[in-house]
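Please look over the sequence and the structure below before reading on, keeping the ligand in view.

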Amino acid sequence: MADTDFLRLDDTQLDPEEKLVRDSTREWVEKEFMPRLQEHVRQDGSFPMDLVPQLGELGMFGANLEGYGCAGMNNVAYGLLMQELERGDSGLRSFASVQGSLCMYPIHAYGSEEQKSRWLPGMATGELIGCFGLTEPDFGSFVTGMRTRAERRGDNWVLQGTKRWITNGSIADLAIIWALTEEGVRGFVVETDRQGFEARDIKGKFSLRASVTSELFLQDVEIPNDNLLAGVTGFRGPLSCLTQARYGISWGALGAAMACYEEAVGYAKDRTVQGGALASKQLVQEKLVFMLTEITKGQLLSLQLGRLKDRGIMEPTMVSMAKRNNVDIALRVARDARDILGANGIVDDYQAMRHMVNLETVRTYEGTHDIHTLILGEHITGLRAL
Ligand SMILES: Cc1cc2nc3c(=O)[nH]c(=O)nc-3n(C[C@H](O)[C@H](O)[C@H](O)COP(=O)(O)OP(=O)(O)OC[C@H]3O[C@@H](n4cnc5c(N)ncnc54)[C@H](O)[C@@H]3O)c2cc1C
């Protein structure tokens, strides 16, 4: 296998526990997940749900959270976990990111003790699946236009609205729904068997096919006040969840890039053109050099971000830079790898094109590439272009 540890981070930067998490996750993905992937990619919009208990048992849900059955690993180990899941497929990493960063994190950060004990242990094992409802049909990048409303009715809240592009929507037991109230945006835990809640899957996706994506309809859904995440008001709530998930994505994208790079190196060495290995050609070598250089730079970015996160001094703008850069380079790596594979690159016996089209989604969700550009532009200039 081609070595992606060019700067010897293994020996100099990672501790034994971090390496153990990475290596054991890689082994599980190769042994259990990869043999199942193709059937789900071909089906369009499904996930091997029978593997979920194993993911829970291995501590992959909410892995960087403390207590309530969570693994409590540090943020570099957590990042390496995301890297290895996405080395398999972005759909697998999305499943874990949504469950951990977007659903368990807000309950952990903003929920009452009673809410944490009620939901988190079951989510850690995978017995309870969550989804995160922020995006709406008419509002993606600018959720400030949100139309979903929650109104007080006695001791209860009544929710009304539509959420779209929601990962795991139709297979979730709980939905974290962000809705406008008189006090501003609030987060609610909505059990999906409540009357008035409906989820319909979005079909025909070219990207993230081994993942369920749904539209959620909430029509007069009544929930008790006990389901309100009382610890946060305003867009700070959902944005803080996105910061957690984007951090994981910065690592995950590198996993996809590594898979493509390794495949391209192996293929170029084996393939003979004009009497020599494809890998001996200068133009091919230039592509491989670009891939390894960008992967290495991305590793340094995510690693430093993880160390800062562990010290509690990671800033959202830093996460914007890492998400924006690492997804962008991963997509370019995947495209170059696909190119090196020639015609073989377009069939699903090889990985590059699947990663490439997956990464188109990853470029769009969790803040598009251009939105992160504008966030960083404002950070540099002090002038808001958004
Ligand atoms: C497979 C998949 C899974 C998803 N899962 C979830 C989920 O679980 N939960 C959830 O809430 N959401 C989810 N999303 C939604 C995702 O977060 C949104 O698609 C994303 O925020 C972009 O919103 P949009 O699609 O409405 O695009 P838009 O906001 O309409 O943007 C379209 C284009 O315009 C650009 N643009 C927008 N505004 C500006 C501007 N001011 N200046 C310059 N360019 C601009 C954008 O960069 C983009 O290129 C998912 C999406 C996909 C595809």
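The paragraphs that follow treat the ligand and its surroundings, and then the aromatic pairs.

This is a predicted model, in which local features need pLDDT of at least 70 and side-chain atom pairs count only at pLDDT 80 or more, while totals for chains, interfaces and linings use all residues. Residues are numbered from 1 along each chain as its sequence is written, and side-chain values use heavy atoms, with hydrogens and water left out.

Around the ligand there are 19 residues, of which F132, T135, S141, W165 and T368 come nearest (a residue is near if one of its heavy atoms lies within 4 Å of the molecule). By class, this shell holds nine nonpolar, eight polar and two charged residues, where Ala, Val, Leu, Ile, Met, Phe, Trp, Tyr, Cys and Pro count as nonpolar, Asp, Glu, Lys and Arg as charged, and the others, Gly among them, as polar.

Polar contacts (pairs of N or O atoms within 3.5 Å) join a polar side-chain atom of T368 to a ligand oxygen atom at 2.6 Å, and a polar side-chain atom of T167 to a ligand nitrogen atom at 2.9 Å.

Rings of Phe, Tyr and Trp (its six-membered ring) pair if their centres lie within 6.5 Å, with planes under 30 degrees apart counted as stacked, over 60 as edge-to-face and the rest as tilted; by this rule there are eight aromatic pairs. The rings of F47 and F95 have centres 4.3 Å apart and planes at 15°, so this pair is stacked.

Key. A polar contact is a pair of N or O atoms within 3.5 Å; within protein, one must be able to donate a hydrogen and the other to accept it, and residues adjacent in sequence count only if both atoms are side-chain atoms.
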